[in-house]
Each structure stands twice: as C-alpha cells, then as structure tokens.
Amino acid sequence: MQNYTETQRKELLIRPTGRVIYEVSLQYTGALNTIREREPSIIYFSNLRKAVDSVTAELAMNNWPPKVNYTAVYRGVKQRGFYNCDFDVANSRVFRVKVVPRVLNPALPRLGIDENPTIN
C-alpha cells in the first residue's frame, strides 16, 4: 500500500479535468427570422454520438436533407473546437445547427497559491 502525504491526498481528491458535454444549438438566421422571430434552441448531450443521432433524426422527421453526420461533426469539433451547418431554402438561409463542446465542472485553479509552510 502506498503512503501519501497530506498534500498528495488532497491533490488526489480534486479531479484534474472536468467532463465534456456537447451543446447543440439551433439558431434561426436569414430573412425569414425577421418575419417570424424565434429564440435559439439549446440542448446538452453527454455523448457526441447521441447528439448527432438526435439532430439527424429531427432533420429526417421534418424533411430536411441529412447534411449532419458523425464524422463531420467529430472532425469539426476536434479541428476548430465547434461544428456548424447552415440549412437554406431557395438560396435563403433558414437556420444553423451548431455543436460546441463545453466543460462541465472544470478543474479548480490553484491561483498560484503555495502550500502554507510550517515551522517545526
């Protein structure tokens, strides 16, 4: 069994990184938004595959072309830090689907504070 000092035990209790969740937003854009203003719709997923499957299912149910696929979203998120895809009708943009990774419960910063020295 390993013996840890008090400082090492405290550091083990703090998670080094947070958990990544995916924010999927639907933003209405273009000239049609001025006629019928709509608020953006935002939903969060814990899994990128579930997020993409949900978006493709909604697009299919509403007869939109299947422009969103897992590979494109994964590459966009890894390379640029986000993925977006515009949907248009008659050369007029209607809405944009955007996928952005967010960190849930980020690691706590140390703020540059050193350990309190004890004098023996």
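This is a short talk on the fold, the core and the aromatic contacts of one protein chain.

Hi everyone, and thanks for coming. Before anything else, please keep in mind that what you see is a predicted model. I'll start with the overall layout, move to the sheet, and then go through the side chains.

So, the layout. The protein chain has four helices and four strands. If you walk along the sequence, the pattern you meet is α-β-α-β-α-α-β-β. Of the 120 residues in the protein chain, 21% are buried. For those of you who like contact maps: take the contacts between residues at least 6 apart in sequence, and 51% of them join residues at least 24 apart.

Now to the sheet. The four strands make an open sheet, ordered E2-E1-E4-E3, with antiparallel pairing. Strand E2, residues 41-45, and strand E3 are at the edges with a single partner strand each, so each has one side without a neighbour in the sheet. From one strand to the next, the twist averages 20°. Helix H4, residues 70-80, packs on this sheet and touches E1, E3 and E4. The direction of H4 makes about 130° with that of E3.

Let's look at the pairings. How many bridges join E1 to E4? There are 10, between residues 19-28 of E1 and residues 92-104 of E4, and the two strands run antiparallel. As one example of the register, Glu23 stands opposite Val100 in E4. On the other side of the pairing list, strand E3, residues 83-89, is joined to E4 by seven bridges, again antiparallel. Val89 has Ser92 in E4 as its bridge partner. The hairpin of E3 and E4 has two residues between the strands, and Ala90 there takes a positive phi near 55°. That's a handy backbone torsion to check if you have the model open.

One more residue while we're in the sheet. Ser25 is in strand E1. Is Ser25 buried or exposed? Its relative accessibility is 5%, and the cut-off for buried is under 20%, so Ser25 counts as buried. Leaving aside residues up to four places away in sequence, Ser25 touches Ser41, Ile42, Arg96, Val97 and Lys98.

On to the core. The largest nonpolar core has 18 residues, and those touching the most other members are Val24, Val68, Val73, Tyr83, Phe87 and Val99. Two or more residues come from each of E1, helix H3 (48-61), H4, E3 and E4. Which element gives the largest share? That would be H3, with five residues. To get a feel for one of these positions, pick Val73: setting aside residues up to four places away in sequence, Val73 touches Leu48, Val52, Val68, Tyr83 and Val99.

Next, the rings, which I enjoyed looking at. The count comes to five aromatic pairs. One of them is Trp64 with Phe87, an edge-to-face pair at 6.0 Å centre to centre and 75° between the planes. Trp64 lies in the loop between H3 and H4, while Phe87 lies in strand E3, so this pair ties together parts that are 23 residues apart in sequence. The two partners differ in burial: Trp64 counts as partly exposed at 24% relative accessibility, whereas Phe87 counts as buried at 0%.

Trp64 also pairs with Phe95, and that pair is edge-to-face too, at 4.9 Å centre to centre with 85° between the planes. Phe95 lies in strand E4, so this pair ties the loop between H3 and H4 to a part 31 residues apart in sequence. Phe95 is buried, with a relative accessible area of 6%. Which residues form the aromatic cluster? Tyr28, Trp64, Phe87 and Phe95 form one cluster.

Last, for anyone thinking about charges over rings, here are a couple of cases. Arg49 lies over the face of Tyr70, 4.0 Å from the ring centre. The charged end of Lys98 sits over the ring of Phe82, at 5.2 Å from its centre. You may remember Lys98 from a moment ago, as one of the residues that Ser25 touches.

To wrap up, the picture I'd leave you with is an open antiparallel sheet in the order E2-E1-E4-E3, with helix H4 packed on it, and a nonpolar core of 18 residues. Thanks for listening, and I'm happy to take questions.

Key: Residues are numbered from 1 along each chain as its sequence is written. This is a predicted model: local features need pLDDT of at least 70, side-chain atom pairs count only at pLDDT 80 or more; totals for chains, interfaces and linings use all residues. Side-chain values use heavy atoms; hydrogens and water are left out. Two strands pair if DSSP finds at least two bridges between them. Buried means under 20% relative accessible area, exposed over 50%, partly exposed in between (1.4 Å probe, protein chains only). Contact means heavy atoms within 4.5 Å. Axes are lines fitted to C-alpha atoms, for helices over the stretch in contact, and angles run from 0 to 180 degrees between N-to-C directions. A nonpolar core is a set of buried Ala, Val, Leu, Ile, Met, Phe, Trp, Tyr and Cys residues joined through side-chain atoms within 4.5 Å. Rings of Phe, Tyr and Trp (its six-membered ring) pair if their centres lie within 6.5 Å; planes under 30 degrees apart count as stacked, over 60 as edge-to-face and the rest as tilted. A charge sits over a ring if NZ of Lys or CZ of Arg is within 6 Å of the ring centre and within 35 degrees of the ring normal.
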